[in-house]
Amino acid sequence: MTSRIPRDSRLRLVRPRPLAAAPTAINQRRSRRPAPRPPEGTPAPAELARMARSGLAAAARVARWADAALGPGGDSATADGKATLSDATAQRAARALGLTPAQVRADWDTARLAGLIEVHGGTARPGWRLRAWNRDDSAVLRGWVALCDAWSLAHPEPEEYESAAVAEVVTAMPQVLSFLQLSAGPVPVPQLLDLLQQRVTELRTERCEIDYAPQPDVPRPALPEPAVADAPLEPLLDWALSALASVGALTYGDGQATLTPLGSWAVWVKLEQICVAAQSPAGNIEQGAEDMLRGCAQLRPNAARAEYRAWLAARPVGSAVTELIRAARGEDALLRGLAFEALRVVGAPAEPEVRTVLDEPTLRPYALLWLAEHDGADPEDAHEVLTREEATWLWVDTAAAVADHGEAPLLVRHLESAVQPTVPALLSEVRAVGHPRTVQVLVALAAAHPDPALAKAVRRAAFQVHTGG
């Protein structure tokens, strides 16, 4: 019997279908949560972006200078070649920009907090937000929100207070800001101080551990009160309000504080994130990364991204990224692909840890694609950053995920996404790439493919890999 399909037929080069879009999920329908609207009176996004650009203009100016002076091919920032802001670099920037070194350092710190400059180890480079500064309002607003989130770093904390007392105030300030947002106008500082004291008291009560088990009547020595409880809150509230004013979140003076339009919008954004976390679409918010990803495997792409956002909003970004990378290192290829889809939702904060896995063969192709898309490459063209061997390894890994979790027709269609022009070339390079699941993938493909001649060739390749031939 001869095959209707020549065994060396050309393979069409197509972008692989996302596994989350497998046919098993087609019949699922989930109600969409209506897009929330910001409070009445909030300026339009374009106007908010204009305000953010104005407030960050000095930081953007220093970032552009650093891009030109400290970028690839430019002078080093220090004698040892590290592109950090040394004294000499600060002086050079001050002369070039007509500023004082202190102003340059302040603007440099603001640029780093806003993501206009990114520091990796001993080198600095312009952040992706600087590249999109003039054309992408959402990138500008995300940069300003990042600065607002880091308000406690933008203004030095009082040295005379213990770090525990400062941490309590930082933890309590979101409630103060929410009250300012709900007030929609000036609020006297004494009223804010009362609210801060209540919230700090709640935090201290939540930390108190009481043993309810019966205890013998043995007198216990009196424990000294913690020094934190004696820390006056008025100076710390003044520091917090001054720091928030320095980043443009509020105005502070004459015994009262008022949120700026940008500050009010940022508070609303944070409240909305909390609401998203509380309304996890598929109920995976409390699961670990691996279980969450398994729960998302059968969701359509949009539903899966909504679940990733809810899961991420409920935990610190750093620990979430670490957990996703750990899940990607497991043996399940499906979780590997989904973990990097979730990291795409994380965006820029995930970049440092994604770069650390470039030396791991299992994760390198995924990391390269992630970084290419993060740097602005079209998702359809991002595969061009992979070598032929890396692309083949990724093809096998994706096929393993399809074989384990998909359906036979999806595995057959996956054959069309290979970079090799012919089936013999594909089988030859698949055998050479050394993926641990090569045999299982080839056996599954042979069983699923309707063409007997092609299936026979694939089975032969699987046998040769198995026997080492």
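1. Starting with the overall picture: of the 469 residues in the chain, 43% are buried. Keep in mind that this is a predicted model. The secondary structure runs to 22 helices and five strands. For the surface, the accessible area of the chain is about 24,900 Å², and carbon and sulfur atoms account for 54% of that.

2. On how the chain folds back on itself: take the contacts between residues at least 6 apart in sequence, and 68% of them turn out to join residues at least 24 apart. Several of the side-chain pairs below are examples of links between distant parts of the chain, one of them being R294 with D332.

3. Now the sheet. Three strands form an open sheet in the order β3-β5-β4, and the pairing is antiparallel. Which strands stand at the edges? They are β3 (187–188) and β4 (250–253); each has a single partner strand, so one side of each has no neighbour in the sheet.

4. The β4 and β5 pairing is worth a look in the viewer. Strand β5 covers residues 256–259, and four bridges join it to β4 in the antiparallel sense. For the register, L250 sits opposite L259 in β5, and Y252 sits opposite A257 in β5. The hairpin of β4 and β5 has two residues between the strands, and D254 takes a positive phi near 55° there.

5. Two helices go with this sheet. Helix α8 (residues 163–183) lies across β3, β4 and β5, and runs at about 75° to β5. Helix α10 (residues 233–246) also packs on the sheet, where it touches β4 and β5, and its direction makes about 130° with that of β4.

6. Aromatics next: the structure holds two aromatic pairs. In one of them, W151 and W239, the ring centres are 5.3 Å apart and the planes are at 50°, so the pair is tilted. If you wonder about the label, tilted is what remains between the stacked cut-off of under 30 degrees and the edge-to-face cut-off of over 60. W151 belongs to helix α7 (residues 151–154) and W239 to helix α10, so the pair ties together parts 88 residues apart in sequence. Are these two residues, W151 and W239, buried or exposed? Both are buried.

7. The other pair is F340 with Y366. Here the ring centres lie 5.5 Å apart with the planes at 25°, so this pair is stacked. F340 is in helix α15 and Y366 in helix α17, so parts 26 residues apart in sequence are tied together. F340 is buried, as is Y366.

8. Turning to charges, a search of the whole structure gives 16 salt bridges. One of them joins the side chains of R294 and D332, at 3.0 Å from N to O. R294 is in helix α12 (residues 289–296), while D332 is in the loop between α14 (317–328) and α15 (333–346), 38 residues apart. What is the relative accessibility of D332? It is 14%, so D332 counts as buried, the cut-off being under 20%. R294, in contrast, has a relative accessible area of 39%, so it is partly exposed. This bridge also has company: E290, R294 and D332 are linked in a network of salt bridges.

9. R329 and E360 also meet in a salt bridge, with 2.8 Å from N to O. The pair connects two loops 31 residues apart: R329 is in the loop between α14 and α15, and E360 is in the loop between α16 (351–356) and α17 (364–374). R329 is partly exposed, with a relative accessible area of 45%. E360 is partly exposed too, at 24%.

10. Last, the side chains of R388 and E429 form a salt bridge at 3.1 Å, N to O. R388 lies in helix α18 (residues 388–405) and E429 in helix α20 (residues 423–433), so the pair ties together parts 41 residues apart in sequence. With a relative accessible area of 41%, R388 is partly exposed. E429 is likewise partly exposed, its relative accessible area being 23%.

Definitions and conventions: Residues numbered from 1 in each chain as written. Predicted model: local features only at pLDDT ≥ 70, side-chain atom pairs only at ≥ 80, totals over all residues. Heavy atoms only, no water. Salt bridge = Lys/Arg side-chain N within 4 Å of Asp/Glu carboxyl O. Buried < 20%, exposed > 50% of the residue type's maximum accessible area, 1.4 Å probe, protein only. Pairing = 2+ DSSP bridges. Contact = heavy atoms within 4.5 Å. Axes fitted to C-alpha atoms, helices over the stretch in contact; angles between N-to-C directions. Areas by Shrake-Rupley, 256 points an atom, 1.4 Å probe, with all protein chains shown as cover. Phe/Tyr/Trp six-rings, centres within 6.5 Å; stacked < 30°, edge-to-face > 60°.
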